[in-house]
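Subject: Structure for you to look at

Dear colleague,

Here is the structure I promised to pass on to you, with the sequence beside it. Please open it first and turn it around a little before you read my notes.

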Amino acid sequence: MTRKHDPYRFDVVVVGAGHAGLEAALAASRMGLGTALLTLNCDTVGQMSCNPAIGGVAKGQIVREIDALGGAMGILTDATAIQFRLLNRGKGPAMHSPRAQCDKKAYQFLAKLTVERQQNLTLRQEMVESIEVESGRVAGVRCRGGIQYRARAVVLTTGTFLQALMHTGEVKTPGGRGGDVAATGLSRSLFELGFELRRFKTGTPPRLNGRTIDFERLEPQPGDSDPVPFSFLTDRITQNQVDCHITYTNPAVHDIIRDNLHRAPMYSGQIQSTGPRYCPSIEDKIVRFADRQAHQIFLEPEGRNTLEYYCNGISTSLPRDVQEAIIPLIPGLEHAEIMRYGYAVEYDYAPPEQLRATLETKALPGLYFAGQINGTTGYEEAASQGLIAGINAALAVQDQAPLLVDRSQAYLGVLIDDLVTRGVDEPYRMFTSRAEYRLLLRHDNADLRLTELGRQVGLVDDQRWARFETRRDAIARLRETLKTTRVRGNSLFQWLRRPESTWEDLLRLEHAFDREGFSRDVITQVIIEAKYNGYIGRQVEQIERFRRLEDKPIPADLDYRAIPQLRAEAREKFERIRPRSLGQAGRISGISPADMATLLIQLKRGGSPASTVNPLDPDVTTPILGKLERQSGESACST
């Protein structure tokens, strides 16, 4: 589609080459579109600005979903990780979450090489300063020096670089990451186009020289002996693993921090923007958990070819001299040398209610946002948004229907729905508790949920598809075998459903069935299905009710201002978010049952004003809301 002789004309332009930009650019180019990936520095493609770790609670599920759709993060992680751990092994399978500590530079180099090798993808070092618009839709971007890139779709993945300001104590330095400049012109361009921008902040801890750490005084944390890969293409992990280590803060450390809170930007008033609640700075922990005598610190190696250690747990923006005072008071760090000091970053983000579920902006067709520009935090959340934005940008250029992944299909569907429906008032982080259907959204079945979607949009190649079909068919064959083989009046599937029954018990039933040819992975999948069969069945029923509401569309041009019975708050929220379905409307924060009843009546009347109906009349609301709740299986509104 792209004219090859014009080096500045593409189908899709992606701005920013972090984890969101990487997935967006790879997706669009693999779908056959000429794609430009523009970044402030070509040497930082896929760089891990904070902890060089991938996955974790709920985040690990997201990485598996990215991989199932044909994304890159899982493959990059398996190739470069130095420690693998499956978290929450002692809990049920819905809570199991893979995590890996990566070699920071190896990941970054492999990410850059993957981009450089990709057909239809051009990597360029540019400072993007404005969005170009023609005839009411995006037309490309303009870079420093007046260079213009033309494109039918633009994906912004600017991370923490928009109007970014770094804080270490009283010292303020422009930049979105240590050693990198801030993007200063793009915020002004977005503001002039009518986008709302706000400020968030994030932080990072000091890094230490491992040569100066006394590991004898620390608690080792080894990786798993049977590491679980992230990619469904990886048979097994073969590289040697590296230990992490654990230590703790203490009252002496806490006292110094308390004595210097007036010099901490978050408490001096120097920073007034909101930071991530679930990844607080050490000074924030000391204030919020004043009764705690110690806070855990994970010392995590940044790679195989460096002695630099990341101090997970003491993110801080305190001045250098305070950081130098507290580090020697921590056991094992008495003689540790700081290689990089901790700092906080303030940056612009765009409240995500300004987006459709495709991650296209409502105000400007063809412009997509993904990653921290949408108010999220974390590599995994960013990468999943980048993948969906890249896919939908490519589909739009090809005049095809968009890919919509709902919250019953994937954690990344929960993430996007939360963003565009509820917005954010703090940096958004994914947790298992955010997913209503988490028993079905496990990391082990991400391919069964999503690989067919990846195949439909053109991201799953023949090799991955053949592998998927083999696994899917083996699971189906084993399931059917267990259901049709009977011993003592019960099927083997029924035997396995019993809480006290194990797979080993089945194997002791001689000649019960031909168990050859089934991998441990396939067996584990069927065991989970059997053990949780009743719970899974109930969640499937809930999802069916959920989808009936999702399938009830709301006209895109519905004039909420013409519905006098709606409260002013509901009218404003419906106008701003423009819910696409009754289901989404009911999930908007602050929408009451009366608001939903009014909306339902309006839709039943074909959009004409419900002037003769009192939505507060129980004779009106009770039957409508009762039907709505029976269909959804949950509350009809979000309060």
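What follows is a walk through what was found, one region after another.

Please keep in mind from the start that this is a predicted model. The protein chain has an average pLDDT of 91, and 93% of the residues score at least 70. There are, however, two stretches that should be read with care: over residues 608-625 the pLDDT stays under 50, and the model has 31 contacts beyond four places in sequence for them, while over residues 629-639 the pLDDT also stays under 50, with 34 such contacts in the model.

A good place to begin is helix H1, which covers residues 19-30. Its twelve residues should span 16 Å at 1.5 Å a residue, and because its end C-alpha atoms are 16 Å apart, the model agrees with that expectation. This helix is mostly covered, since eleven of its twelve residues are buried; among them are His-19, Gly-21, Leu-22, Glu-23 and Ser-29. After H1 comes Gly-32, which has a positive phi near 95°.

Positive phi values also turn up in residues that are not glycine, and two of them are worth finding on the screen. Asn-88 has a phi of about 65° and sits in the loop between strand E4 (81-87) and strand E5 (97-102), where it counts as partly exposed because its relative accessibility is 22%. Arg-488 has a phi near 55° and belongs to the loop between strand E22 (486-487) and E23; with a relative accessible area of 67%, above the 50% cut-off, Arg-488 is exposed.

Next, which residues does Pro-229 contact, leaving aside its neighbours within four places in sequence? Pro-229 is in the loop between strand E15 (219-221) and E16, and it is in contact with Arg-64, Asp-78, Thr-234, Asp-235, Arg-236 and Ile-237. Its relative accessible area is 12%, so Pro-229 counts as buried. If you would like a distance to check, Pro-229 and Gln-47 are 182 residues apart in sequence, and their C-alpha atoms are 21 Å apart in space.

Further along the chain, Asn-250 lies in the loop between strand E16 (244-248) and helix H6 (251-259). Not counting residues up to four places away in sequence, Asn-250 touches Gln-293, Leu-329, Ile-330 and Pro-331, and at 17% relative accessibility it counts as buried.

The second largest pocket deserves a longer look, and it holds about 1,200 Å³ of space. Its lining is made up of 40 residues, and those that lie nearest its centre are Arg-471, Arg-520, Asp-521, Val-522 and Thr-524. The elements that give two or more residues to this lining are helix H12 (446-457), helix H13 (462-484) and helix H16 (520-531), and H16 gives the most, with eight residues. Sorted by class, the lining has 15 nonpolar, eleven polar and 14 charged residues.

Of these helices, H13 can be described in more detail. It has 23 residues and reaches 32 Å from its first C-alpha to its last, which is close to the 33 Å expected at 1.5 Å a residue. Its buried residues include Trp-465, Phe-468, Ile-475 and Leu-482, and Arg-471 is also buried in H13.

Is Ser-491 buried or exposed? This residue lies in strand E23, residues 490-491, and it is buried, because its relative accessibility is 4% and the cut-off for buried is under 20%. Ser-491 touches Leu-482, Lys-483, Thr-485 and Arg-486, again not counting residues up to four places away in sequence.

Last comes Ser-592, found in the loop between helix H19 (582-586) and helix H20 (593-604). Its relative accessible area is 19%, so it counts as buried under the 20% cut-off. The C-alpha atoms of Ser-592 and Leu-566, 26 residues apart along the chain, are separated by 9.9 Å.

With best wishes

Notes:
Residues are numbered from 1 along each chain as its sequence is written. This is a predicted model: local features need pLDDT of at least 70, side-chain atom pairs count only at pLDDT 80 or more; totals for chains, interfaces and linings use all residues. Side-chain values use heavy atoms; hydrogens and water are left out. pLDDT is the predictor's confidence in each residue, from 0 to 100. Contact means heavy atoms within 4.5 Å. On a 1 Å grid over the protein atoms alone, a cavity is a set of points where a 1.4 Å probe fits but cannot get out, and a pocket is an open set with protein on both sides within 12 Å along at least five of seven lines; lining residues have an atom within 4 Å of a point. Grid points are joined across faces, edges and corners, and a volume is the space filled by probe spheres set on the points. Ala, Val, Leu, Ile, Met, Phe, Trp, Tyr, Cys and Pro count as nonpolar, Asp, Glu, Lys and Arg as charged, and the others, Gly among them, as polar. Buried means under 20% relative accessible area, exposed over 50%, partly exposed in between (1.4 Å probe, protein chains only). The expected span of a helix is 1.5 Å times one less than its number of residues.
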